[in-house]
There are 2 protein chains.
Amino acid sequence: MKKKLSIVDIANSLNISKTTVSFILNGRAQEKRISEELVKRVLEYVKEVGYKPNSLAKSLRTGKSNIIGLLVQDISNPFFAAIARQIEDLAYKNGYKIIYSSTDNDTQKTKELIAMFRDRHVDGYIITPPDGIEEDINDLIRDGFPVVLFDRYLPNVPTDYVVVDNLFSTYNATQYLIDKGHKNIAFITYSSIQTQMIERLEGYEKAMRQSKLKANVTEIDFYASADSIVELMLGFFQKHPEVDAILFGNNHLCKCGLKATRKAGKRVPEDIALIAFDDHELFELYTPAVTAISQPISEIADNVIKLLMERLNNSADEQKKQHVTLATELIVRDSSR
Amino acid sequence: MKKKLSIVDIANSLNISKTTVSFILNGRAQEKRISEELVKRVLEYVKEVGYKPNSLAKSLRTGKSNIIGLLVQDISNPFFAAIARQIEDLAYKNGYKIIYSSTDNDTQKTKELIAMFRDRHVDGYIITPPDGIEEDINDLIRDGFPVVLFDRYLPNVPTDYVVVDNLFSTYNATQYLIDKGHKNIAFITYSSIQTQMIERLEGYEKAMRQSKLKANVTEIDFYASADSIVELMLGFFQKHPEVDAILFGNNHLCKCGLKATRKAGKRVPEDIALIAFDDHELFELYTPAVTAISQPISEIADNVIKLLMERLNNSADEQKKQHVTLATELIVRDSSR
DNA sequence: TTTATCTACTAAACCCGTTTAGCATTGATA
DNA sequence: TATCAATGCTAAACGGGTTTAGTAGATAAA
């Protein structure tokens, strides 16, 4: 292994001080009145020998790592994978690398991950926060780290976030089902105090209330296995034969719902109409194709990075936090016609 | 922001030298004959004030970053997302963090990413290598970095890798179709010189040859869009009405194949049987459910991490590279009955 | 002629750990 | 009583950059 060159090697080879080399490489030559001739000589030599500054040493001194910590709920969920993918691309374009991890919605794990990220001196944080993490995130903010939340937010945490209009999305989807003549519309969701889930519930309830229909809400434990969710839904069908449409709180629940309707021998949409929150490749290909509330993945990623970059460049007002709410799209397919 | 404590602060508070603190915190107290009483005092104080060593400074001095660079083809592909997820978990359990990125099978991008990882001083690399990256990876190996490849390998690169038995997998799947009485079995794959794709082709050809059946192979450009692949397949159906079964080279091609059969009005499996390489949630839920060659995701991740950890701990024979080949499972579903 | 200012650089401190080399002190051995 | 080893700890160097404070020499202003 050929030994890596250091800035001292460069300085010695050119018989100048390493300070000068550092200034030149950091574009501070003019400011520091280094002659153009020397600047040229140094840059040429550096290029010739392929010298690259040690980024650890740089980080140690400057306190900046050019790394962004990304905490998503679950990288193997296609929705989060797609967003992570976009965020990654955009971050690289802005000269930042990503360290990522999945929280599993596990508060303790998330606490440890945040501690690990701090330890690694990441410059900024992008997080889909689980419950109970308010304090840790407030600590980050208090200590001056840029934090952008997405998918959901924390009411008591003053920071930037990017979410979608969950309330209107489910309101609109429910209203669509009502307009189609459905009367017994159920909402199956996770039992969760996270903002996005609460708003989805509220949107559904609002539409039902406005049409004087009786709401029918089932809340499922977040940590329930897919199999047990299917069982639960089969029981639901038995108990509620009158239900003629279901709105699901997220894509995973809808997937379980598809298995359950199939097992129960229910015809979709003749016996029961279905709508999912979050679109998914599966929903497009499934027979019948499943109507879904589609979130604008690219826009979410764009806005997350934009907000974070503004903070990192200090171009955003320190006090004023930005809250971006994006629209979703109801993609109507066969499961609700 | 409360100032972060440094090792000097700890040493001063306890009126001892920072060397002693360092030895104690790194578990070298016995070796360095630090008295048990002092060890206890230091550990208690450190815990009390919550001191955490600056990992950058540590990395700078020791040359170890405790970061693993993970390069997958595409993190938004469920197969890679699932493996990345497992690798991440296992890496954390071993005290390592992951920096990841998607290569898009793009050689230039991958070169840049490897350079970036080197710059970040990652301790080891896990890579699904694209074509043309042999030299860069050989450089890594020459310079002493542990590198583990997976999903495919590079014949001219002497390093550890974890793959599945691609040849047997497609041989077996093809044989299964032959046993079912199919005579005109097509193989639709990507045009690729990557080992996994070549072996999948060979397995198919071997089975066809053994049964004296005529092979029918279509190679599709890797960068073709989903829509154009569907178009291409529709053309294929027109040109080859005799084909009564298709084996797909990967999950994405099969997804396109499902769209195409549907558009062409072909009944599955009556008109045409289908088998995918890589299982996928969709294949289980699709009507009819799709037969798939399932890769052992957990085992792949386990083995990748195991090999890498052996290298990182120097417990592996420097010269002898390990090649792990895992079995797949043919999950028979309705699409091929 | 003296003082001030500018130009073109540089020495040394600093970031925060780890590691090397070594120094008192005590007890044991010759 | 001199020599040696073990004990318990530490000063200083090091890793590789950035930043602060400053210097020597040339020119301009008073």
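1. Let's start with Val304(B) in this predicted model. Setting aside neighbours within four places in sequence, Val304(B) is in contact with Ile87(B), Ile126(B), Val148(B), Phe150(B) and Val162(B).

2. Those contacts fit a wider picture. The largest nonpolar core has 91 residues, and the members touching the most others are Val304(A) and Val304(B). Helix α13 of chain A, residues 297-312, gives this core its largest share, with 8 residues. A separate, second core holds 84 residues, among them Tyr204(A), Ile220(A), Phe248(A) and Ile246(B). As background, nonpolar side chains in soluble globular proteins tend to be buried together.

3. Now for the layout of chain A. Domain 1 covers 7-53, domain 2 combines 65-163 with 298-326, and domain 3 combines 166-296 with 330-336. Between the C-alpha centres of domain 1 and domain 2 of chain A there are 36 Å.

4. An unreviewed UniProt entry lists "domain: HTH lacI-type" at residues 5-62 of chain A. In the model, that stretch is 66% helix and 0% strand, with its end C-alpha atoms 20 Å apart.

5. Which residues are closest to DNA strand D? They are Ile7(A), Ser22(A), Ala57(A), Ser17(B) and Thr19(B), out of 29 residues that surround the strand. Both chains contribute helices here: α2 (18-25) and α4 (55-62) of chain A, and α2 (18-25) and α4 (55-62) of chain B, each supply at least two residues of this surface.

6. One last point, on the make-up of the surface near DNA strand D: 12 of its residues are nonpolar, 10 are polar and 7 are charged.

Key. Residues are numbered from 1 along each chain as its sequence is written. Chains are lettered from A and ligands numbered from 1 in the order in which they are written. This is a predicted model: local features need pLDDT of at least 70, side-chain atom pairs count only at pLDDT 80 or more; totals for chains, interfaces and linings use all residues. UniProt positions are given in the numbering used here, feature names are shortened, and annotations may be inferred rather than shown by experiment. Helices (H or I, at least four residues) and strands (E, at least two) are DSSP runs, numbered from the N terminus. Domain bounds come from an automatic or database domain assignment. A nonpolar core is a set of buried Ala, Val, Leu, Ile, Met, Phe, Trp, Tyr and Cys residues joined through C-beta atoms within 7 Å. A residue is buried if 20 or more other C-beta atoms lie within 10 Å of its own, exposed if 12 or fewer, and partly exposed in between; C-beta atoms are placed from the backbone. Two residues are in contact if their C-beta atoms, placed from the backbone, lie within 7 Å. A residue is near a molecule or strand if its C-beta atom, placed from the backbone, lies within 6 Å of it. Ala, Val, Leu, Ile, Met, Phe, Trp, Tyr, Cys and Pro count as nonpolar, Asp, Glu, Lys and Arg as charged, and the others, Gly among them, as polar.
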